[in-house]
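Reader: I should like to examine the strand pairing in this model. Please take me through it step by step.

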Amino acid sequence: MKKHFPRSAVGTATLTLLALGCSLAHAQTAAPSLKEITVTGNPLGATDLIAPATQYSGDGLLLRSKTTLGETLDGTPGVSSTYFGPNASRPIIRGLDGDRIRILGNGGGTLDASSLSYDHSVTADPISIERIEVLRGPGALLYGGSAVGGVVNVIDNRIPREAQFDEKGGISGKADLSLSSGNSERGKGVLLEGGNNRYSLHVDAFDRETSDVRAPRDLNCTKAGVTTTSRRICNSASDVHGGAVGGSVFFDNGYLGASASNYRSTYGTVAEDEVTIGMKSDRYAIEGEVRNLGGPIQSIKGQYSQTDYGHTEFEGATAGTVFKNKGSDFRLEARHAKFGNFDGVLGFQTESNRFSADGNEAFAPYSKTGQSAVFAYEELATGWGKLSLGGRMESVKVESFGNPKVARFTPATKDFKPGSYALGALWNAAPGWQLTSNLAYTERAPKDYELFANGPHIATAAYEVGNANLAKEQSGNLDVGAAWKSGGHSFKVNSYVSRFRNYIALNQTPGVTRNAEDGEVNPVEDPGNPGFTASGAEFKPLAQFQYEQVRARFTGIEASGSIRLQEGASTVDLALRGDLVRATNLDNGQPLPRIAPWRVGASLLWASGPWGANFGFDHNAAQKRVPAPPTGQTAAYTLWNAATSYRVKAGAATLLWYARLDNITDKLAYSASSVLTSTAFPKAPLPGRSLKVGLQASF
């Protein structure tokens with residue numbers, strides 16, 4: 001028999017309510033009683049959260065799931081996507097991307113190469129994810145300087161953290177099948193779990209194949225020297241598969257578990273018609289917790305993971321540049337006993353990784369990065385709400401080993417001592433009303449490629465040059481929010497400002513080009529040997545971009561709400577959302593690149609028994625605030641969408657039939673936050689009209 005036990009509070013916060021605007025089918029397909037939702041960012045299990053957070057799970061996640069993590073979260077207030085075609089995208093939070101957004105796996109560190117280049121995908125496919133949690137604003141206190149913009153926590157149950165069955169034992173699972181017209185997607189996944197009140201085992205597998213994605217207009221595609229025209233985004237097909245096994249043993253006051261997972265992906269890069277990426281990632285994790293210790297320490301939780309990541313970039317059938325990243329992450333948290341009205345957590349974290357790139361497009365050297373940190377988070381309960389405060393101290397060492405096959409890289413070592421501090425407050429101002437405020441100071445150590453890059457980055461049409469003199473990136477951040485709830489009505493709004501004293505920016509060097517083949521400065525084509533330089537290298541000039549530090553400011557506002565239009569056996573809700581972010585280089589007054597314009601959206605949500613439906617739109621304004629117009633400017637567009645679902649019992653199983661129609665009007669649109677737009681690549685619009693249908697069976 002299946003049984004539910006309370007979740008641990010260490011490292012998580014439990015929120016027993018629905019996240020507004022998050023779930024398409026927030027009422028029509030929900031179980032009679034709401035399951036508890038865990039929200040990243042509060043390690044004490046509090047139900048009232050100071051930091052702005054959003055979660056997607058269950059039907060809500062299923063019905064918005066796209067082929068990448070970034071596109072799945074795009075449209076969440078405050079969240080956009082790097083969109084490098086339909087196969088590679090990371091979330092952008094409040095205008096910040098790359099190594100300022102931390103992507104976690106079950107609260108622990110993950111490792112890939114997605115922050116190094118926009119055409120590198122995240123090693124997490126939405127088909128295998130059970131829940132995604134998004135923390136907007138600085139998460140550096142708990143997760144390091146790479147979380148200055150926010151945190152995305154990708155959660156699965158590969159290491160079960162609670163017993164799901166009683167002593168008699170049992171088995172549960174789910175299977176999902178889906179088809180999509182826009183990219184001929186054929187997706188399938190299966191998950192099985194079994195055990196009793198003393199142990200639990202988990203196994204899952206997933207597979208998804210897609211063809212080139214449908215576009216709203218004709219696009220050119222050149223392969224093997226032959227150019228064709230069709231309504232398809234050239235070289236946008238993909239093949240993704242993977243799986244995992246895991247298990248845990250449970251004892252009276254805790255658990256100990258382990259898992260092994262693999263991820264494989266082959267996909268086209270869209271910027272180059274004949275370049276594909278073959279990716280692999282193997283991850284091993286151990287996790288455990290001991291509770292109810294008594295004395296000054298109430299509980300201790302530990303996590304350790306090791307990842308072996310690599311991908312090869314193929315030019316046709318020929319293997320090109322090979323990227324590898326191997327590393328480990330260890331995290332230990334201890335919750336102390338209450339001291340008066342103070343409740344808190346102390347923690348230690350250490351991470352290490354080794355990176356290498358070999359081939360013509362190796363623009364970063366062999367490197368090793370090691371970092372360790374201690375942190376503390378405390379909450380003080382008051383009669384009117386609560387206060388939170390904390391700090392984090394880190395030690396970071398970044399080493400460049402050069403490259404035995406490429407002479408342009410210089411061995412060097414840099415050491416940094418970042419520190420981050422935060423203060424927050426929550427005020428229960430009136431019945432149904434809460435006001436929040438967060439003030440944070442954050443320091444981030446430069447990454448290896450920001451310090452030591454020196455080579456061609458073809459995906460972004462740039463020759464990137466690092467800067468070994470970079471200092472710690474320092475920022476001050478202020479967030480103020482208000483939330484209101486009354487019956488079926490609710491509303492949330494947050495405004496924020498982040499000011500960087502020395503923001504690390506990749507800026508174009510005026511008047512300087514570099515040859516992609518040999519790095520020659522301002523190369524000249526040999527008139528006697530067209531296509532080559534005087535030195536005999538192939539003539540491939542690229543604009544030089546160098547990492548520099550500038551003063552920068554990010555300001556914005558984000559809001560969401562829900563209005564209950566009809567109550568009773570059938571409910572109708574109007575979900576509203578919107579956001580605005582402005583980012584400015586304060587040294588020259590110019591806008592920073594790849595910033596989403598202001599956005600608004602609305603959806604009607606209908607629920608009646610087993611049925612649910614949604615119809616709505618998302619409007620993106622024109623983006624004219626770019627540093628080098630007209631490159632990077634985008635026109636306004638509105639994308640309409642609809643979805644429906646039906647849940648029915650079939651013996652011991654529950655069947656959920658669902659369908660979603662995206663970009664109903666087949667609108668031609670380009671993403672302002674994509675490097676494909678800012679570098680004037682003309683052939684990667686957002687996908688055209690597409691119908692996705694699927695069936696999920698659970699038991």
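Reader: Which residue in E36 does Trp-657 stand opposite?
Author: In this predicted model, E35 and strand E36 (residues 690-698) are paired in the antiparallel sense. Their pairing extends over nine bridges. Within E36, the residue opposite Trp-657 is Leu-695.

Reader: What is the bridge partner of Val-648 in E35?
Author: Strand E34 (residues 637-650) runs antiparallel to E35, and nine bridges join them. On the E35 side, Val-648 has as its bridge partner Leu-655.

Reader: Which residue in the turn of the E34 and E35 hairpin has a positive phi?
Author: The hairpin formed by E34 and E35 has two residues between its strands. In that turn, a positive phi of about 70° belongs to Gly-651.

Reader: Why is strand E35 described as largely enclosed by the rest of the structure?
Author: Strand E35 covers residues 653-662, which makes 10 residues to consider. A residue counts as buried when its relative accessible area is under 20%. E35 is largely enclosed because the number of its residues that are buried is eight.

Reader: Which strands are the edge strands of the open sheet with the order E3-E8-E9-E6-E7?
Author: Five strands form this open sheet, with mixed pairing. An edge strand here pairs on one side only. That applies to strand E3 (53-57) and strand E7 (108-109).

Reader: In E7, what is the bridge partner of Gly-105?
Author: Strand E6 (residues 101-105) and E7 run antiparallel and are joined by two bridges. For Gly-105, the bridge partner in E7 is Gly-108.

Definitions and conventions. Residues are numbered from 1 along each chain as its sequence is written. This is a predicted model: local features need pLDDT of at least 70, side-chain atom pairs count only at pLDDT 80 or more; totals for chains, interfaces and linings use all residues. Side-chain values use heavy atoms; hydrogens and water are left out. Two strands pair if DSSP finds at least two bridges between them. Helices (H or I, at least four residues) and strands (E, at least two) are DSSP runs, numbered from the N terminus. Buried means under 20% relative accessible area, exposed over 50%, partly exposed in between (1.4 Å probe, protein chains only).
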